[in-house]
Amino acid sequence: MPVFGWWAIMSRKTKYVFILAILVAAIVVTWGRAGITKDDMERLRREELSSQIREALEPLEKRLGNLEKGSEDSKYPKVKFLMEKDRKRILVTGGAGFVGSHLVDRLMMDGHEVVVMDNFFTGRKRNVEHWLGHENFELLNHDVVEPLYIEVDQIYHLASPASPPHYMYNPIKTIKTNTIGTLNMLGLAKRVNGRFLLASTSEVYGDPEVHPQNEEYWGHVNPIGPRACYDEGKRVAETMSYAYAKQEHVQVRVARIFNTFGPRMHMSDGRVVSNFILQSLQDQPITVFGAGKQTRSFQYVSDLVNGLVMLMNSNISTPVNLGNPEEHSILEFATIIKNLVGCKSDIVHVKEQEDDPQRRRPDITKAMGMGWQPKVSMIEGLNRTIEYFRQELFQSSHNQKMILRPDDKLV
Ligand SMILES: O=C(O)[C@H]1O[C@H](OP(=O)(O)OP(=O)(O)OC[C@H]2O[C@@H](n3ccc(=O)[nH]c3=O)[C@H](O)[C@@H]2O)[C@H](O)[C@@H](O)[C@@H]1O
């Protein structure tokens with residue numbers, strides 16, 4: 001039907017409504033065109049676009065935030081939170097060394113503030129690298145032979161080379177470290193009224209005539225032999241500690257540490273455990289010095305660390321042996337390591353060392369009296385250490401450095 005036909009049959013009222021609707025539509029279109037400019041359209045388009053981008057980015061930002069938070073949490077091993085009154089400021093001299101770094105891990109994880117002082121002669125930055133930047137941690141490149149003025153509550157004085165080839169390498173420096181270095185640290189303990197723990201050694205017993213060695217034994221040391229720089233250095237360090245205790249009322253603790261081993265020993269440490277393990281892992285001859293009848297008793301490093309912390313916080317001011325009494329001849333020990341590694345190395349006998357102590361085993365009755373005893377068996381400790389050196393060899397052959405954190409399975 002033509003349009004005019006419709007118009008003809010529409011009622012008058014419908015015609016008015018129809019005309020009104022057309023007018024309103026025309027006005028809206030004209031006003032709309034005049035009111036919304038091109039710029040407005042562009043702005044609206046941009047706003048729409050940015051809100052779409054924001055919507056798309058929001059979940060990504062959230063995920064990124066979570067990832068950052070996660071990596072922040074796991075950047076450092078977990079430390080306890082200690083109230084101000086319980087938190088101590090603790091100096092560890094030689095804190096980047098083998099034993100020192102394990103002690104630092106323990107003190108950090110217990111929630112204390114730890115200052116590590118090391119001259120990096122035998123210590124390595126990578127032993128404490130996992131704490132760099134932590135608010136409770138400070139690393140000082142400082143030689144203990146120079147005085148240090150800081151404020152601390154406790155001092156663990158471990159600074160000194162401890163492996164025979166290292167301490168014999170520069171005997172005068174070893175003597176200075178153990179005498180002047182110890183005097184400096186005792187002076188600091190006196191000034192700040194702090195507690196001082198000396199890492200002494202089973203070497204104060206020399207080549208012992210008493211077996212096993214208890215703390216009452218005065219020792220049998222050659223004062224002019226090749227080991228004297230260390231043995232006599234530690235003996236006079238003990239003497240100085242008790243002089244400061246008597247004269248200046250410094251609170252001193254003395255740990256006589258017996259042979260200790262574990263991860264983070266230096267590849268060129270030169271002591272028997274690292275030598276035998278590295279030789280076995282590389283199918284090289286295992287070098288027993290002399291006939292190998294001399295004995296040693298080996299403790300795992302975590303047991304030593306427990307003992308050091310316990311002793312520091314005990315009220316025992318006289319010397320305490322810390323060691324594992326399980327005794328083996330060095331020849332037996334070579335066979336044990338060879339079997340654990342499962343290698344083809346030959347055991348060879350090379351020239352014996354001058355003044356090498358023939359028997360060594362701690363009497364730990366006194367340490368047990370303070371509630372301490374070794375928990376890690378020699379075999380278990382050796383397996384962990386073998387694994388550590390296996391990884392160390394692999395990484396160094398790939399030009400990578402081995403960093404062992406306390407929350408890694410090995411420790
Ligand atoms: O490990 C330690 O904690 C101690 O190590 C040394 O004392 P030492 O018992 O002579 O340590 P090693 O050099 O490991 O020697 C142990 C025995 O193994 C022998 N050895 C060592 C190395 C080697 O390749 N082959 C070998 O037969 C040595 O002659 C010695 O009889 C230090 O002098 C101590 O201060 C330190 O506390």
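This passage walks through a predicted model of one protein chain, from its overall make-up to a few individual residues.

The chain holds 411 residues, and 46% of them are buried. Its secondary structure amounts to 12 helices and 13 strands. Contacts in the chain often link distant parts of the sequence: among those between residues at least 6 apart, 81% join residues at least 24 apart. A long stretch of the chain also carries a label from a record. In an unreviewed UniProt entry, residues 91-384 are annotated as "domain: NAD(P)-binding". In the model, this span is 36% helix and 18% strand, and its end C-alpha atoms are 28 Å apart.

Three strands offer a good place to begin a closer look. Strand β4 covers residues 154-157, and both of its faces are covered. On one side sit Gln154 and Tyr156, on the other Ile155 and His157, and all of these are buried. Strand β1, which spans residues 89-93, runs parallel to β4 and is joined to it by four bridges. In this pairing, isoleucine 90 has glutamine 154 of β4 as its bridge partner. Strand β5 (residues 195-201) also pairs with β4, again in the parallel sense and over four bridges. Here the bridge partner of isoleucine 155 is phenylalanine 196 in β5. Strand β4 is thus bridged to β1 and to β5.

Strand β5 also contains serine 200. Is this residue buried or exposed? Serine 200 counts as buried because its relative accessibility is 2%, below the 20% limit used for that class. Leaving out neighbours within four places in sequence, serine 200 is in contact with Lys234, Glu238, Val254, Ala255, Arg256 and Ile257.

Two of these contact partners, Glu238 and Arg256, appear again at the second largest pocket. This pocket has a volume of about 290 Å³ and a lining of 13 residues. Lying nearest its centre are Glu215, Tyr217, Trp218, Glu238 and Arg256. Which helix gives the most to the lining? That is helix α7, residues 228-248, with four residues. By chemical character, the lining divides into six charged, five nonpolar and two polar residues.

The backbone has some details that deserve attention as well. The peptide bond leading from histidine 211 to proline 212 is cis, with an omega near -15°. Proline 212 belongs to the loop between β5 and α7. Elsewhere, phenylalanine 120 has a positive phi of about 60° although it is not a glycine. This phenylalanine lies in the loop between β2 (113-118) and β3 (137-141). With a relative accessible area of 25%, phenylalanine 120 is partly exposed. Asparagine 399 is another non-glycine residue with a positive phi, in this case near 55°. Its place is in the segment after α12. Asparagine 399 counts as exposed because its relative accessible area is 75%, which is over the 50% limit for that class.

Helix α12 itself, residues 378-397, includes arginine 384. Apart from residues up to four places away in sequence, arginine 384 touches Pro263, Tyr300, Val376, Leu410 and Val411. One of these partners, tyrosine 300, is 84 residues away from arginine 384 in sequence, yet the two C-alpha atoms are 9.7 Å apart. Arginine 390 is also found in helix α12. At 39% relative accessibility, arginine 390 counts as partly exposed. How far apart in space are arginine 390 and methionine 41? Their C-alpha atoms are 68 Å apart, and 349 residues separate them in sequence.

A last residue to visit is asparagine 306, in helix α9 (residues 301-312). Asparagine 306 is partly exposed, with a relative accessible area of 25%. Setting aside residues up to four places away in sequence, asparagine 306 touches Arg106, Trp372 and Lys375. Along the chain, asparagine 306 and lysine 375 are 69 residues apart, while their C-alpha atoms are separated by 9.9 Å.

Definitions and conventions
Residues numbered from 1 in each chain as written. Predicted model: local features only at pLDDT ≥ 70, side-chain atom pairs only at ≥ 80, totals over all residues. Heavy atoms only, no water. 1 Å grid on protein atoms, 1.4 Å probe; cavity = no way out; pocket = protein on both sides within 12 Å on 5 of 7 lines; lining within 4 Å. Points joined across faces, edges and corners; volume = space filled by probe spheres on them. Helix = DSSP H or I, 4+ residues; strand = E, 2+ residues; numbered from the N terminus. Nonpolar A, V, L, I, M, F, W, Y, C, P; charged D, E, K, R; others polar. UniProt positions renumbered as here; feature names shortened; annotations may be inferred. Buried < 20%, exposed > 50% of the residue type's maximum accessible area, 1.4 Å probe, protein only. Pairing = 2+ DSSP bridges. Contact = heavy atoms within 4.5 Å.
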